[in-house]
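Got the viewer open? Have your selection tool ready, and we'll go from stop to stop.

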Amino acid sequence: MEIRDFMDVSKLQDIQDKFSNATGLAAIAIDAKGEYLTEGSNFTDFCMKYTRGSTKGNLLCKKCDAEGKGCYFCHAGLMDFSIDIIVNGEKVGAVIGGQVLPVVPDEDKFRKTAQDLGINPEDYIKALRKVPIASESKIRDAADLFGIVVNQMVNLEYHRYSNANHQDILQREIHKSSEQVQAINNNTSHLKTIANRQKILSLNASIEAARSGEAGVGFAVVAKSMQDLSSQSAVIYNDIEKSVAEITETISVLSSLN
């Protein structure tokens, strides 16, 4: 199941941008294969340009991306989040982000981190000072709320898409059923015509048998049987017509609902 198949991802981009603007948290959406669905919102140079821009830092970031669930602390000391997008019990993607400090940073500690990652310490600290700061509880609550909103929106779009498909299928089947009912009507009408002719023939045969006296006794029995069969057929055809009329009414009701 691919989110792009049933949802306009610009809606996801819009809610993501608003979330990032309101909270200061970075965010981006990915599909089940890890490919980006949206463009990143509020990403920091500290993370993207410097930490991920270094060879060692990028490896550590990828490890965090793969292992991190919910809200967690990344290797660089910032808080990140990763929340799955679930539709009908299937993971179809995730929203990830964060890049926020839960406390005022110890700059000496980050200078050591910069040296370890092969990054210019002063450039690293300058970028660090632009990273938003929020309490850990606020970060967790914001990420959880974002995950709930995104999941509800994606599921709503999926069900809207599914219902539209179901309506199309129902409409096609109703049309097909209408054609089949019409075919039954035509065949039944044709059979009723045959039955009426058969009834007339059997009546004529009975008259001729009566005129033939004893010689026509056997023929009279056959004519009587034909007449009885014709009468039974007429009753069956009437029942079929009644059932077909009821089916036609049901189809009309279903059609009016679409």
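Select strand 3 (residues 79-87) and strand 4 (90-100) to begin: this antiparallel pair is held by 9 bridges. Bear in mind as you look around that the model is predicted. One rung of the ladder is easy to pick out, since Met-79 has Val-100 as its bridge partner in strand 4. Now slide to the other end and show the turn. The two strands make a hairpin with 2 residues between them, and Asn-88, in that turn, has a positive phi of about 55 degrees.

Next, add strand 2 (70-73). Strand 2 pairs with strand 3 in the antiparallel sense, over 4 bridges. Click on Phe-73 and look across to strand 3: Met-79 stands opposite.

Then bring in strand 1 (26-31). Strand 1 runs antiparallel to strand 4, and 6 bridges join the two. Ala-27 is a good residue to label here, with Gly-97 as its bridge partner in strand 4.

With those four strands on screen, what is the strand order of the open sheet? Reading across, you get 1-4-3-2, with antiparallel pairing. Strand 1 and strand 2 are the edge strands, each pairing on one side only. Tilt the view to see the twist, which averages 20 degrees from one strand to the next.

Keep strand 4 highlighted and switch on the rest of the structure. Why is strand 4 largely enclosed? Of its 11 residues, 8 are buried, so the rest of the structure closes around most of it.

Now show helix 2 (residues 9-23). This helix lies across strand 1 and strand 3, and it runs at about 155 degrees to strand 1.

Time to look at what's packed inside. The largest nonpolar core has 27 residues, and Phe-81 and Val-95 have the most contacts inside it. Colour the elements that give two or more residues to this core: helix 1 (3-6), helix 2, strand 1, strand 3, strand 4 and helix 7 (136-211). Helix 7 gives the most, with 8 residues. Centre on Val-95 and show what surrounds it. Leaving aside neighbours within four places in sequence, Val-95 touches Ile-28 and Ala-29, then Phe-81, Ser-82, Ile-83 and Ile-85, and also Phe-146 and Val-150.

Apart from that core lies another one, of 18 residues, with Ala-114, Leu-117, Ile-125 and Leu-128 among them. Two of those names lead to the next stop.

Select helix 5 (residues 107-117), where Phe-110, Ala-114 and Leu-117 are buried. They cover an arc of only 70 degrees around the axis, so they sit on the same side of helix 5. Spin to the other side and you'll find Asp-108, Lys-109, Lys-112 and Gln-115 exposed. What do the buried residues of helix 5 pack against? Turn on helix 3 (45-51), helix 4 (55-67) and helix 6 (121-128) to see the partners.

Check both ends of helix 5 before moving on. At its start, a side-chain oxygen of Asp-106 comes within 3.2 Å of the backbone nitrogen of Asp-108. Just after the helix, Gly-118 takes a positive phi of about 80 degrees.

Last stop: Ser-54, in the loop between helix 3 and helix 4. Is this loop residue buried or exposed? Ser-54 counts as buried because its relative accessibility is 8%, under the 20% cut-off. Show its surroundings, leaving aside neighbours within four places in sequence, and you'll see Ser-54 in contact with Leu-117 and Ile-119.

Note on methods: Residues numbered from 1 in each chain as written. Heavy atoms only, no water. Pairing = 2+ DSSP bridges. Axes fitted to C-alpha atoms, helices over the stretch in contact; angles between N-to-C directions. Contact = heavy atoms within 4.5 Å. Core = buried A, V, L, I, M, F, W, Y, C linked by side-chain atoms within 4.5 Å. Buried < 20%, exposed > 50% of the residue type's maximum accessible area, 1.4 Å probe, protein only. Arc of directions from axis to C-beta. Polar contact = N/O pair within 3.5 Å; in protein donor to acceptor, adjacent residues only side chain to side chain.
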